[in-house]
Amino acid sequence: VMASMAHLQEEKLRLQEELLGLQEQLTARENGELSRSLQLQGQVDALKTKLLEQAQEIGRLRSELVSCLRAWAEPPLSRGVTELWVPKEERGMGGGRRRIKASPGCSWTLRAKRGTLRDGCLGGFLSSAMSQSGALGHSRERLPNTIGRGSKSPSGDWGSPGVQETIASLKSQPQQIKYIIKTVEVESAKVKQALCESQSRNQYLQEQVGMQRQVLKEMEQQLQSSQKTAAQLRAQIVMYEAELERAHGQMLEEMQAMEEEKNRAIEEAFSRAQVEMKAVHENLAGVRTNLLTLHPALRTLTHDYNSLKRQVRDFPLLLQETLQSARAEIGQAIEDVHSTNRELLRKYRRELQLRKKCHNELVRLKGNIRVFGRVRPITKEDGEGPEAANAVTFDADDDAILHLLHKGKQVSFELDKVFPPQASQEEVFQEVQALVTSCIDGYNVCIFAYGQTGAGKTYTMEGTAANPGINQRALQLLFSEVRGKAADWDYAISVSAAEIYNEALRDLLGKEPQEKLEIRLCPDGSGQLYVPGLTEFRVQSVEDINKVFEFGHVNRATECTNLNEHSSRSHALLIVTVRGLDRSTGLRTTGKLNLVDLAGSERVGRSGAEGNRLREAQHINKSLSALGDVIYALRSRQGHVPFRNSKLTYLLQDSLSGDSKTLMMVQVSPAEKNTSETLCSLKFAERVRSVELGPVSRKTELASWPSQEQLEGDVPGPTAPSGRGHPSPSPGHLSSRAASIRRKLQTSG
Ligand code: ADP
Ligand code: MG
């Protein structure tokens with residue numbers, strides 16, 4: 001609004017200036033017009049007076065001419081004198097009219113002249129008359145002088161006796177008159193000429209008058225146009241004034257509106273300000289009260305500040321003291337911690353030993369050799385119909401018992417643990433992992449997968465890529481355990497993979513897998529065995545393990561025509577060595593984890609196999625029975641353990657003896673068609689497991705072992721064994737039973 005107001009003001013000023021300029025222009029123009037019209041008026045007046053003069057002159061001349069002509073037309077012969085009229089002005093000057101009497105000689109001349117006129121030459125006459133009148137004028141001028149000189153009558157009257165006398169005197173002087181007449185005649189030509197000049201002058205003047213009239217007319221026209229322009233300008237001024245008036249009015253209205261708005265805004269602002277003012281007042285009151293309360297606070301603050309200042313001043317000293325005492329305290333604390341640490345370390349070592357002892361005790365109580373059973377699910381390969389029917393059932397209350405329906409009879413077996421078909425790899429490994437970790441503590445561990453071909457040995461040990469078995473899980477667990485102990489221990493995990501086929505040991509990770517390796521005694525006299533040339537890979541991650549496994553598989557596959565068949569007839573070993581160093585004590589440990597996927601335990605020899613197949617079967621049987629013998633000898637704590645009877649037992653010698661731990665995972669098929677082999681495997685498992693109890697029991701146990709024929713024919717009753725009890729043995733049969741079992745193992749695997 002202010003801006004538009006200012007704009008309107010500017011507009012108004014500009015219009016006013018414009019109006020002033022126009023008014024000035026108009027007045028200047030009017031002044032110019034006025035001065036010009038005045039000038040013209042003066043010129044016109046001058047011309048008018050001139051014209052008047054000319055007209056008078058003309059009139060005078062005409063009258064003179066007329067009088068002259070009249071005088072000439074009626075000659076006063078009797079009188080002989082022509083009266084001549086003196087112009088008014090001359091009368092004034094000369095003091096009245098004077099009459100001149102012409103002599104008779106003069107009248108004659110005039111008559112002659114009249115005769116000439118009458119003869120018809122009027123033009124010539126007129127011109128002569130005119131000239132005469134001119135001459136007359138001239139003589140009139142001269143006459144008074146002459147008269148003055150001749151007679152000085154005080155009255156000046158020609159008719160008076162004085163005049164008469166004068167005339168008389170003149171008459172008496174005829175010569176003189178004659179002369180005068182002659183002079184007049186002579187002068188009349190002059191007069192004529194003067195008349196002519198006057199006429200031409202008259203004409204010139206008339207022309208001048210015409211011209212002046214023309215000029216006057218033009219000037220009048222100019223005046224008119226000027227007046228018109230002035231009128232137009234006036235109209236324009238009026239229009240401008242009206243416009244100005246309108247603009248002014250509009251401006252006034254707008255200004256009024258703005259004023260109103262301004263007033264309104266001011267009112268609003270005022271009311272707002274009042275409200276704010278009120279709030280401010282209230283605030284101020286609050287602040288005042290606060291101030292009042294703050295005063296004591298300020299006092300206390302000042303007091304505090306002063307005391308703080310004092311403290312700050314004293315602070316360096318205090319700090320020094322505190323630091324000294326803190327240093328002393330810290331030193332003391334460090335000393336305490338050191339001694340505590342020492343104590344703790346001592347306790348830790350004692351605990352470690354105790355733990356190991358407890359562990360050993362536990363293992364001893366649990367048995368160094370544990371036997372698990374795992375039943376695989378029925379698969380497509382089992383086919384359909386009664387042959388593929390499930391023959392294995394489980395005890396709902398005891399996970400160590402399973403029942404096998406064989407030839408219509410239910411046989412029950414008790415192992416350390418039984419895994420049903422639905423048990424996952426994870427669950428299986430849960431039970432195994434304690435064994436695996438004991439490897440880190442320096443124990444040697446063997447995990448065997450035993451069973452007929454197709455019972456799930458490889459599945460349990462290797463598993464699938466999506467669901468790995470014990471091998472990979474064990475290594476993963478070792479990695480994580482080792483990581484957990486990394487603060488105190490340095491561990492190195494390395495793996496070897498070997499295969500025993502037909503009693504020949506081959507390196508699956510070596511450059512020459514077909515090369516047969518030998519097992520030798522360490523030359524250091526420690527009694528330890530080693531395999532010269534067996535490749536050992538250091539592994540640090542799951543990726544490393546996978547690479548090693550893949551490499552082993554590839555090597556194994558290239559060495560045989562049918563991997564499935566080959567693998568079922570050979571033992572596959574994964575040997576994991578965990579070497580540890582306790583950095584604080586310098587203690588070194590070496591643990592070995594042997595993961596063995598055994599060859600199929602099915603009794604091939606009975607099916608009349610020949611050649612290679614027979615040789616394979618014999619080797620398998622031999623090695624499996626050797627394993628049985630070794631386990632038997634170990635469990636029965638015999639002085640001699642026949643490790644050397646097979647490559648497998650010989651290789652695993654140090655992992656089976658001493659406080660080593662062994663797990664036998666007996667794999668069985670639940671299918672009806674496999675019940676015979678399942679029965680054999682389960683009997684083998686039960687036997688292995690039951691040997692463990694003390695020497696007397698052992699004897700008892702061994703005495704109860706049936707022959708292979710019995711194994712096949714003598715199926716235990718459908719009742720499950722009650723608890724961990726065993727059938728009562730006949731002690732005398734012990735050695736013959738063992739021999740029988742060894743024999744059977746050799747033939748049946
Ligand atoms: P083996 O190694 O004893 O000859 P395999 O491990 O090759 O037997 O198993 C034979 C078949 O049975 C394979 O196809 C395997 O995947 C399958 N199998 C074995 N055990 C299981 C199980 N627990 N769950 C599922 N499938 C299994
Ligand atoms: Mg297999």
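**Aromatic pairs, charges over rings and cavities**

Across the whole structure, a search finds 4 aromatic pairs. The model is a predicted one. Two of the pairs are described here. A pair of aromatic rings is described by the distance of the centres and the angle of the planes.

One pair joins tryptophan 489 and tyrosine 491. Their rings are stacked. The centres lie 5.4 Å apart, with 15° between the planes. The angle is under 30 degrees, so the pair counts as stacked. Both residues can be placed by accessibility. Tryptophan 489 has a relative accessibility of 8% and counts as buried. Tyrosine 491, at 11%, counts as buried too.

Another pair is formed by phenylalanine 537 and phenylalanine 551. Here the arrangement is edge-to-face. The distance is 6.3 Å centre to centre, and the planes stand at 65°. Phenylalanine 537 belongs to strand β12, residues 537-538. Phenylalanine 551 belongs to helix α10, residues 542-558. The two positions are 14 residues apart in sequence, so the pair ties together separate parts, a strand and a helix. Phenylalanine 537 is partly exposed, at a relative accessible area of 30%. Phenylalanine 551 is partly exposed as well, at 34% relative accessibility.

Charged side chains also meet aromatic rings. The ring of tryptophan 489, part of the stacked pair, has the charged end of lysine 485 over it. That charged end is 5.9 Å from the ring centre. A further case involves tyrosine 443. The charged end of lysine 661 sits over the tyrosine 443 ring, 3.5 Å from the centre.

Cavities were examined next. The structure holds 9 cavities of 30 Å³ or more. The largest has a volume of about 220 Å³. Its lining is made up of 15 residues. Closest to the cavity centre are Glu462, Ala497, Leu508, His553 and Ala572.

Several elements each give two or more residues to this lining. They are β7 (489-501), α10, β13 (571-582) and β14 (588-597). Helix α10 supplies the largest share, 5 residues. This is the helix that holds phenylalanine 551 of the edge-to-face pair. Strand β7, in turn, spans residues 489-501, and tryptophan 489 of the stacked pair is buried. By class, the lining of the largest cavity has 9 nonpolar residues, along with 3 polar and 3 charged ones.

Definitions and conventions
Residues numbered from 1 in each chain as written. Chains lettered and ligands numbered in written order. Predicted model: local features only at pLDDT ≥ 70, side-chain atom pairs only at ≥ 80, totals over all residues. Heavy atoms only, no water. Phe/Tyr/Trp six-rings, centres within 6.5 Å; stacked < 30°, edge-to-face > 60°. Buried < 20%, exposed > 50% of the residue type's maximum accessible area, 1.4 Å probe, protein only. Helix = DSSP H or I, 4+ residues; strand = E, 2+ residues; numbered from the N terminus. Lys NZ or Arg CZ within 6 Å of the ring centre and 35° of its normal. 1 Å grid on protein atoms, 1.4 Å probe; cavity = no way out; pocket = protein on both sides within 12 Å on 5 of 7 lines; lining within 4 Å. Points joined across faces, edges and corners; volume = space filled by probe spheres on them. Nonpolar A, V, L, I, M, F, W, Y, C, P; charged D, E, K, R; others polar.
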